[in-house]
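Q: I am new to this structure and should like to learn how its features are read. Where should we begin?

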Amino acid sequence: MLNVLTRKLCPLMTLAIATVGCGKKISDSDTQPSHQTQNQELPSAYVVKLDGSIGSSKMYQMPRNGQFEIPERLKVRRGATAGKTVEIVFDANPYDMEDFQFKCTYTTLSNSEMQLNHCVDYDGDDFGDVTGHLFSLYKDDYIQIRFAGASAPDLLVEAVFNMSWR
């Protein structure tokens, strides 16, 4: 009887031990915290474009809260910049072009770039040197890029913002 029980029980015990005992042994090195930084977002590019063949201004609604530096230059992708001025308006009112927090004006530097000329607040007070300073915009705020003065149907410019999204 013991012999019959051993023949039936041994394969079941071997299977049970194999099922429970299989796998990798956990060592101290496996339980150490990861050295990777988690939940950290890298700055990303946010591009606003003004295509004169489509219109003389374009509004962009912020998808999230973010901080950014004002670009020192705009890239000219097409057209001539001679005598042209572009404004980027921050926290713009989409229903009133003259209601904003501040705006920056760009003038011709070369055929391929426009250079930051100056920034002013709503009252027209000069911001001074804004390079290297962080500014904030919030979800659903608007950035408007527009021609100051006459539109330029042949001109396509873009501003690249390095955003730190919040």
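A: Let us begin with a single residue, Asp 51. Contact means heavy atoms within 4.5 Å; leaving aside neighbours within four places in sequence, Asp 51 is in contact with Arg 78, Leu 155 and Leu 156. This is a predicted model, in which local features need pLDDT of at least 70 and side-chain atom pairs count only at pLDDT 80 or more, whereas totals for chains, interfaces and linings use all residues. Residues are numbered from 1 along each chain as its sequence is written, and side-chain values use heavy atoms, with hydrogens and water left out.

Q: Which strand holds Asp 51, and which side chain shares a polar contact with Asp 51?

A: Helices (H or I, at least four residues) and strands (E, at least two) are DSSP runs, numbered from the N terminus. Asp 51 lies in strand β1, residues 44-51. A polar contact is a pair of N or O atoms within 3.5 Å; within protein, one must be able to donate a hydrogen and the other to accept it, and residues adjacent in sequence count only if both atoms are side-chain atoms. The side chain of Asp 51 makes such a contact with that of Ser 53, at 2.7 Å.

Q: How many helices and strands does the protein chain have?

A: The protein chain has 1 helix and 10 strands, in the order α-β-β-β-β-β-β-β-β-β-β along the sequence.

Q: Is Thr 81 buried or exposed?

A: Buried means under 20% relative accessible area, exposed over 50%, and partly exposed in between (1.4 Å probe, protein chains only). Thr 81 has 1% relative accessibility, so this residue counts as buried. Thr 81 is placed in the loop between β4 (73-78) and β5, and its side chain reaches the backbone oxygen of Ser 110 at 3.3 Å. Not counting residues up to four places away in sequence, Thr 81 touches Val 76, Thr 108, Ser 110, Asn 111, Met 114 and Leu 155. Across the protein chain, buried residues make up 30% of the 166 residues.

Q: How many aromatic pairs are there?

A: Rings of Phe, Tyr and Trp (its six-membered ring) pair if their centres lie within 6.5 Å; planes under 30 degrees apart count as stacked, over 60 as edge-to-face and the rest as tilted. By this rule there are 10 aromatic pairs. The rings of Phe 90 and Phe 102 are stacked, because their centres are 4.6 Å apart and their planes lie at 20°. This pair links distant parts of the chain, with Phe 90 in strand β5 (residues 85-90) and Phe 102 in strand β6 (residues 102-108), 12 residues apart. Phe 90 is buried at a relative accessible area of 0%, and Phe 102 is buried at 1%. One aromatic cluster is formed by Phe 68, Phe 90, Phe 102, Phe 127, Phe 135 and Phe 161.

Q: Which side chains of strand β8 point to one face and are buried?

A: In a regular strand the side chains alternate between the two faces of the sheet. Along β8 (residues 134-137), Phe 135 and Leu 137 point to one face and are buried, while Leu 134 and Ser 136 point to the other and are not. Two strands pair if DSSP finds at least two bridges between them. Strand β3 (residues 66-69) pairs with β8 in the antiparallel sense over 4 bridges, and Glu 69 has Leu 134 in β8 as its bridge partner.
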